[in-house]
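I sat down with a new structure today and kept notes as I went. Here is what I looked up, entry by entry.

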Amino acid sequence: MTASHTRISKAVIPAAGLGTRFLPATKATPKEMLPVVDKPAIQYVVEEAAAAGLSDVLMVTGRNKRPLEDHFDRNYELEEALHRKGDESRLAKVQESSDLATMHYVRQGDPRGLGHAVLCAAPHVGDQPFAVLLGDDLIDPRDPLLQRMVEIQEQYGGSVIALMEVDPAQIHLYGCAAAAPTSDDDVVAVSDLVEKPDPADAPSNLAIIGRYVLDPAVFEVLRKTAPGRGGEIQLTDALQALAADPALGGPVHGVIFKGRRYDTGDRGDYLRAIVRLACEREDLGPDFRTWLRSYVTEEM
C-alpha cells in the first residue's frame with residue numbers, strides 16, 4: 001500500500017462538458033457560467049476549494065469555455081469604471097473571483113469522460129494527492145465536506161470519495177459504493193464501486209457525489225482503464241480497481257455526507273437550488289420568502 005501524507009494544495013475542476021441539458025442557454029454560454037442567484041455556479045466550486053486550503057486550481061476546459069478564464073481574470077476596465085463611480089461594493093464583488101486562488105487551465109481536446117478529464121490533470125498535479133470537484137454539486141459552505149475529506153486522506157492515505165444516502169430507487173442515477181464501517185461514524189472503507197447500477201444489483205444506497213480526494217496512483221490506473229459505460233473512461237472504474245487492490249495506490253475510503261447539497265445538474269434541480277440559496281440570503285431572503293409564500297398560496 002502506498003499512502004501519501006503530503007499536504008494537499010491542488011484542486012481539479014472538470015468543466016469541459018457541452019451542457020446539452022440546458023440548451024439553448026448553453027449554445028454560446030458555458031453551463032458552468034449560468035448564474036445561481038447572482039454568481040456563476042463555477043465560482044461556488046472554486047470558493048469551496050479555496051476554503052479548504054486548496055489554493056492551486058486547475059480547470060479542465062473544452063471548446064467555447066473561454067468565459068470561464070475571463071471570469072477568474074482581472075477586468076481592469078470594469079474595475080476602473082466602478083472605482084470612478086465610487087461603487088466599492090460591486091468593485092469588491094468583481095475582484096473577489098480573481099483573488100480566490102491561483103488558476104490554471106488545460107483543454108480536454110476530446111471529451112472522453114470524467115476519467116479522461118482527470119487524466120488531463122496529471123502533468124499539473126504530478127505525484128501529489130489532489131482533490132476533484134464537479135461543478136454540478138454545490139456544497140453549502142456551512143458543511144465543510146471537502147475539509148473533512150482532506151483530513152481523512154491525510155489520516156489513511158489512498159483516495160477518499162464523497163457518499164450520500166439516497167432512495168434505493170434512485171441509485172441507478174449514481175455511482176454506488178459497497179462499504180464497511182470504520183471507527184468514525186461518517187467514514188466507511190470502500191471495497192467495490194459500481195457505475196449507475198440497476199437498483200436490484202446495487203450493493204448499497206450510498207451514492208457517489210461530486211467530490212473526490214485522490215492519490216496520484218489513480219493516473220496510472222486511468223491510463224490502463226478501458227472505456228466503460230457510454231464509451232467513456234469512467235473515474236469510477238479506476239477507483240474500483242484501487243478499492244479492489246490497495247497495493248495499487250492505497251485504500252479507498254468514503255465520507256458519508258449528510259449536509260446541504262445543491263444539485264444543479266438538471267433544469268429542475270437548478271431552479272430549486274436557486275430558490276433555496278436565495279431564501280437563505282440575508283440581503284434577498286426576507287422579501288423573497290414573503291413573495292414565495294404569497295405566490296404558492298395565491299397562485300398554486
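**Q147.** I started with Q147, which I found in helix α7, residues 145–156. Worth noting straight away: this is a predicted model. Is Q147 buried, exposed or partly exposed? Its relative accessibility comes out at 35%, and buried would need under 20% while exposed would need over 50%, so I put Q147 down as partly exposed. Then I looked for its partners, skipping neighbours within four places in sequence, and got contacts with A51 and A52. I also checked Q147 against E48: they sit 99 residues apart in sequence, yet their C-alpha atoms are 9.2 Å apart in space.

**Confidence.** Next I wanted to know how far to trust the coordinates. The protein chain has an average pLDDT of 91, and 98% of the residues score at least 70. Which elements have the lowest and highest mean pLDDT? Strand β13 (residues 261–263) is lowest with 89, and strand β6 (residues 130–133) is highest with 98. I'm keeping a general caution in the margin: where pLDDT is low, predicted coordinates should not be read in detail.

**The cores.** I went inside next. The largest nonpolar core has 44 residues, and the members touching the most others are I13, V46, L54, M59, L133, L145 and V213. Which helix gives this core its largest share? It's helix α1, residues 41–51, with six residues. I picked V46 for a closer look. Leaving out residues up to four places away in sequence, V46 touches I13, M59, F72, L100, A101 and M103. Apart from this core I found another one, with 35 residues, including A122, V125, I208 and L214. That fits a general habit: nonpolar side chains in soluble globular proteins tend to be buried together.

**E79.** I moved on to a charged residue. E79 is part of helix α3, residues 76–85. Buried or exposed? Its relative accessibility is 7%, and the cut-off for buried is under 20%, so E79 counts as buried. Not counting residues up to four places away in sequence, I listed R74, L91, V94 and Q95 as what E79 touches.

**A patch outside.** On the surface I noted a nonpolar patch of about 310 Å², made by W291, Y295 and V296. I looked up Y295 from that trio: it lies in helix α11, residues 285–299. With 36% relative accessibility, Y295 goes down as partly exposed.

**Backbone oddities.** I finished with the backbone. As a general rule, most residues other than glycine have a negative phi, and most peptide bonds are trans. So I went looking for exceptions.

- The peptide bond joining L23 and P24 is cis, with omega about 5°. P24 is in the loop between β1 (10–14) and β2 (35–36).
- V37 is not a glycine, yet its phi is positive, about 65°. I located V37 in the loop between β2 and β3 (39–40). V37 has a relative accessible area of 25%, so I call it partly exposed.
- K196 has a positive phi too, near 50°, and isn't a glycine either. K196 sits in the loop between β10 (187–195) and β11 (206–214). Its relative accessible area is 35%, so K196 is also partly exposed.

Conventions:
Residues numbered from 1 in each chain as written. Predicted model: local features only at pLDDT ≥ 70, side-chain atom pairs only at ≥ 80, totals over all residues. Heavy atoms only, no water. Core = buried A, V, L, I, M, F, W, Y, C linked by side-chain atoms within 4.5 Å. Buried < 20%, exposed > 50% of the residue type's maximum accessible area, 1.4 Å probe, protein only. Helix = DSSP H or I, 4+ residues; strand = E, 2+ residues; numbered from the N terminus. Contact = heavy atoms within 4.5 Å. Patch = residues over 30% accessible without salt bridge, like charges linked within 9 Å, V, L, I, M, F, W, Y side chains within 5 Å. Areas by Shrake-Rupley, 256 points an atom, 1.4 Å probe, with all protein chains shown as cover. Salt bridge = Lys/Arg side-chain N within 4 Å of Asp/Glu carboxyl O. pLDDT = per-residue confidence, 0-100.
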